[in-house]
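Please look through the sequence and the model before reading on. The paragraphs below lead through the structure step by step.

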Amino acid sequence: IAGGRNGCSVAFGIDRGRRRRLWACFKRSRDGSAASSRHRRHWPRFYHSGETGDLDDVLSSLINRRPGRSIGLVGISLGGNVLLKWLGECGDKVPESLRAAVAVSVPFDLAAAAYRVDHGLSRIYGRTFLRTLKEKALAKARLYPGLLDPEEGAAIRSFAVFDDRVTAPLHGFANGRDYWTRASATPGLGAPRAALRFPFRR
């Protein structure tokens with residue numbers, strides 16, 4: 001299960017009911033979330049919703065732990081964007097063990113999502129979300145002097161500006177627009193081995 005921005009940390013467990021199941025709930029350990037505070041000190045980077053390397057690592061670990069077992073992936077919110085982007089990157093090389101994948105409430109278009117949380121009623125959620133991101137960015141700036149400008153970070157008032165001045169430069173993107181374009185799952189939606197289905201799309 002790939003959670004959203006404030007999802008869970010890596011955890012493995014066995015359901016010993018009628019069928020044995022290996023569950024793995026993971027949170028990308030380099031995004032500066034509260035769940036990954038013990039990891040963040042080792043990474044001079046921040047939140048990146050297009051990072052698929054961690055998902056690939058977790059899936060490889062699951063396959064090695066239980067070879068031959070069928071695996072299903074679930075991506076929720078931004079975790080869904082990561083999942084779909086990863087499937088697009090895999091193309092026809094999706095691991096044979098992966099039998100199904102489900103993405104729930106996915107912001108396919110990161111540019112549109114950033115605009116939405118900066119406007120209308122979504123701003124109620126957006127302000128709280130942005131505040132947590134700024135707090136973590138400033139904490140990162142204290143850990144890595146010169147990585148970010150604390151005064152500039154504290155003055156940010158929108159997601160668009162945050163992605164342009166913090167997310168993009170920390171991860172090698174030219175600007176916020178470049179980050180949204182390259183990190184969004186949308187461009188690769190036609191690439192996965194199995195056709196994607198959108199049951200609620202009109």
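**A walk through the predicted model**

Glu 152 has a relative accessible area of 34%, so this residue counts as partly exposed. As with everything below, the value comes from a predicted model. The side chain of Glu 152 meets that of Arg 165 in a salt bridge, with 3.7 Å from N to O. This pair links distant parts of the chain: Glu 152 belongs to helix α6 (residues 150-154) and Arg 165 to helix α7, 13 residues apart. Arg 165 is partly exposed as well, because its relative accessibility is 43%. Another link concerns the backbone: the C-alpha atoms of Arg 165 and Asn 175 are 7.5 Å apart, while ten residues separate the two along the chain.

With that pair located, the overall layout can be set out. The protein chain contains eight helices and four strands. Read from the N terminus, the order of elements is β-β-α-α-β-α-β-α-α-α-α-α. The chain has 202 residues, and 42% of them count as buried.

Two of the strands deserve a closer look. Strand β3 covers residues 71-76 and strand β4 covers residues 98-104; the two run parallel and are joined by six bridges. Within this pairing, Ile 71 stands opposite Leu 98 of β4. Which helix belongs with these two strands in a β-α-β unit? Helix α3, residues 78-90, forms the unit together with β3 and β4, and the unit is right-handed.

The loops that follow these strands each hold a residue with an unusual sign of phi for discussion. Ser 77 lies in the loop between β3 and α3. Its phi is near 60°, a positive value in a residue other than glycine. Ser 77 counts as partly exposed because its relative accessibility is 28%. Ser 105 lies in the loop between β4 and α4. Phi of Ser 105 is near 50°, also a positive value in a residue other than glycine. With a relative accessible area of 61%, Ser 105 is exposed.

Next comes the surface. Ile 1, Val 74, Ile 76, Val 102 and Val 104 make a nonpolar surface patch of about 340 Å². At least two residues of the patch come from β3, and at least two from β4. One of the patch residues, Val 102, lies in strand β4. Val 102 has a relative accessible area of 44%, so it is partly exposed. A patch residue needs over 30% relative accessible area, and the value of 44% for Val 102 is consistent with that.

The interior can be described through its nonpolar cores. In soluble globular proteins, nonpolar side chains tend to be buried together. Here the largest nonpolar core has 21 residues, and those that touch the most other members are Leu 110, Leu 148, Phe 159, Phe 162, Val 166, Tyr 179 and Trp 180. Two or more residues of this core come from each of α4 (110-117), α5 (122-143), α7 (159-170) and α8 (176-183). There is also a second, separate core, made of 17 residues, among them Leu 84, Leu 87, Val 94 and Ala 185.

The last topic is charge pairing. Side chains of opposite charge can pair when their charged atoms come close. The count of salt bridges in this model is three. The bridge between Glu 152 and Arg 165 was described at the start; the other pairs follow.

Glu 89 forms a salt bridge with Lys 85, and their closest N and O atoms are 2.5 Å apart. How many residues apart are Glu 89 and Lys 85 in helix α3? They are four residues apart, so about one helical turn separates them. Is Lys 85 buried or partly exposed? Lys 85 counts as buried, because its relative accessibility is 14% and the cut-off for buried is under 20%. Glu 89, in contrast, is partly exposed, with a relative accessible area of 46%.

Asp 178 forms a salt bridge with Arg 182, where the closest N and O atoms are 2.9 Å apart. Asp 178 and Arg 182 are four residues apart in helix α8, so about one helical turn lies between them. Arg 182 is partly exposed, its relative accessible area being 47%.

Methods
Residues numbered from 1 in each chain as written. Predicted model: local features only at pLDDT ≥ 70, side-chain atom pairs only at ≥ 80, totals over all residues. Heavy atoms only, no water. Pairing = 2+ DSSP bridges. Right-handed = clockwise from strand over helix to strand, strands pointing away. Patch = residues over 30% accessible without salt bridge, like charges linked within 9 Å, V, L, I, M, F, W, Y side chains within 5 Å. Areas by Shrake-Rupley, 256 points an atom, 1.4 Å probe, with all protein chains shown as cover. Salt bridge = Lys/Arg side-chain N within 4 Å of Asp/Glu carboxyl O. Buried < 20%, exposed > 50% of the residue type's maximum accessible area, 1.4 Å probe, protein only. Core = buried A, V, L, I, M, F, W, Y, C linked by side-chain atoms within 4.5 Å.
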